[in-house]
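Q: I'm new to this structure and would enjoy a close look at one part of it. Please take me through its empty spaces, and tell me what lines them.

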Amino acid sequence: MSYQKILNTIEQDLSYKDVYGEVASYIPELAKIDPKKFGMFLYCVNKGKFEFGDSREKFSIQSISKVFTLSLAMKLLGEDLWERVHVEPSGDPFNSLTQLEYENGIPRNPFINSGALVIADILVSNLKDPKADLLELVRKISGNPNIDYDTTVATSEKSTGYRNYALVYYMKALGNIKNDVETIVDFYFHQCSLSMSCEDLAKAFMIFANQGKMLETGEKILTPKKVKRINSLMQTCGFYDEAGEFSFEVGLPGKSGVGGGIVAIHPEQYSVAVWSPILNKKGNSELGMAALEKLTTMTGLSIF
Ligand code: GLN
C-alpha cells in the first residue's frame with residue numbers, strides 16, 4: 001500500500017469520538033483548543049511528503065520544544081552537560097519533583113520538566129539572547145521563517161505554572177540552578193509556547209532522521225554522535241512514565257507535548273508528526289499514539 005493510502009486509512013479508522021481523555025486544561029489557554037483537530041505529516045528521506053487533516057495548522061508544541069533546547073545545549077556545553085542532567089528514564093510524571101531530593105537536584109533526564117528547566121538555565125547562562133537563538137534554529141531546520149512564540153500561551157502558562165516555579169526554586173536550593181528564577185521560567189514558558197504545524201515539526205525533526213543534516217540543503221546542524229544520543233533519549237525518556245508503552249506500541253524515538261503533538265523519527269527513513277489535542281492520563285495524545293502505532297505496523301517501518 002502507498003504511504004498516502006496508509007495515511008488515509010489512519011484518518012478514516014481513528015476518530016476523536018473513540019477516545020476518552022481530555023484536552024490539557026492546567027494551562028488555561030490550551031483548554032480552548034478544539035478537541036476534534038487531527039492531522040498528520042510524514043516526511044521521507046527520499047523527499048516524499050504525505051499528509052492528512054489539520055497537518056498545516058499551527059498548535060502549541062509544548063514539551064516537543066525540549067528536543068530543540070537540548071540540541072542547543074549539547075552544542076554549547078559538550079560532555080560537561082551531563083554533570084547537570086542525567087540520561088535515565090524517570091518512570092515518573094513529566095512535572096514530578098520527587099526524585100530531585102535524593103539525586104541532589106540533578107534531574108533524571110532532559111525531557112522531564114526539571115531537566116528542561118536546567119537546560120533553560122544553561123542556555124540563559126551561555127547565550128546573550130536565548131529566545132532569539134532558539135527561534136533562529138527552529139525556523140532554519142523547519143524551513144519556515146514565520147514560526148514564532150505564542151505569547152498569549154506563554155503568559156497563560158505563567159499564571160498557573162506553580163509546579164515549574166517550585167522545580168526551579170527547589171533545584172536552586174540544591175545548587176543546580178545558576179540564574180534568576182524569573183528569567184529561567186520566562187524562557188521555558190516561551191519555548192513551550194512555540195507554535196508550529198505537523199508539517200513544520202516533521203521538517204524540523206528530519207535532522208534527527210538524517211544524521212544531523214538538513215535534507216534539502218545538506219547543511220550540518222548536529223554531529224551524528226549527538227543525533228544518536230538525542231534519538232536514544234527520545235526513545236527512553238520522550239514520553240515520561242509512558243516511554244515503555246510508546247516504545248512497545250510504536251517502536252520509534254519520539255517526543256510528545258501537552259498541546260497534543262507527537263513527533264517521531266525512523267533513522268534513514270522518515271520523520272512524522274501527528275496532532276490530536278485529547279490527552280491520556282500521562283499527558284500524551286491518545287489519537288496521536290494510535291495513529292503512529294498504525295503507521296509503523298502498516299508500513300513495517302519501526303526501528304525494531
Ligand atoms: N509547558 C508544559 C509544562 O511545563 C509542558 C509539559 C508537556 O508538554 N508535557 O507543564
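A: Happy to! One definition first: Ala, Val, Leu, Ile, Met, Phe, Trp, Tyr, Cys and Pro count here as nonpolar, Asp, Glu, Lys and Arg count as charged, and the others, Gly among them, count as polar. Please also keep in mind that this is a predicted model.

Let's begin with the cavities. There are two of 30 Å³ or more. The largest cavity holds about 90 Å³ of space. Its lining is made of 14 residues, and those nearest its centre are Ser96, Gln99, Leu100, Ile112 and Ser114. Sorted by class, the lining of the largest cavity has six nonpolar residues, five polar ones and three charged ones. The greatest contribution to this lining comes from helix H3, residues 98-102, which supplies three residues.

Now for the second largest cavity, with a volume of about 50 Å³. You can find its lining by looking for Tyr26, Gln62, Ser63, Phe94, Asn113, Glu157, Tyr188, Cys192 and Val258. Five of these lining residues are nonpolar, three are polar and one is charged. Where does the second largest cavity lie with respect to domain 1 and domain 2? It lies between them, because domain 1 (3-62 + 194-299) and domain 2 (65-192) both give residues to its lining.

Both domains turn up again at the largest pocket. The lining of this pocket takes at least three residues from domain 1 and at least three from domain 2. The largest pocket contains about 260 Å³ of space. Of the 15 residues that line it, Leu279, Asn280, Lys281, Lys282 and Gly283 are nearest its centre. By class, seven of the pocket's lining residues are nonpolar, four are polar and four are charged.

To round off the tour, here is how some helices pack. Two packed helices are described by the angle between their axes and the distance between the axes. Helix H2 (residues 65-77) packs with helix H9 (residues 198-209) at an angle of about 40°, and their axes are 12 Å apart. H2 is therefore oblique to H9. Their crossing is left-handed. H2 also meets helix H4 (residues 113-126), with the two axes coming within 9 Å and crossing at roughly 50°. That angle makes H2 and H4 oblique to each other, because angles that count as roughly parallel are under 35 degrees and those that count as roughly perpendicular run from 65 to 115. The crossing of H2 and H4 is left-handed.

Terms used. Residues are numbered from 1 along each chain as its sequence is written. This is a predicted model: local features need pLDDT of at least 70, side-chain atom pairs count only at pLDDT 80 or more; totals for chains, interfaces and linings use all residues. Side-chain values use heavy atoms; hydrogens and water are left out. On a 1 Å grid over the protein atoms alone, a cavity is a set of points where a 1.4 Å probe fits but cannot get out, and a pocket is an open set with protein on both sides within 12 Å along at least five of seven lines; lining residues have an atom within 4 Å of a point. Grid points are joined across faces, edges and corners, and a volume is the space filled by probe spheres set on the points. Helices (H or I, at least four residues) and strands (E, at least two) are DSSP runs, numbered from the N terminus. Domain bounds come from an automatic or database domain assignment. Axes are lines fitted to C-alpha atoms, for helices over the stretch in contact, and angles run from 0 to 180 degrees between N-to-C directions. Angles under 35 degrees count as roughly parallel, over 145 as roughly antiparallel, 65 to 115 as roughly perpendicular and the rest as oblique. A crossing is left-handed if the near helix is turned anticlockwise from the far one by less than a right angle, and right-handed if clockwise.
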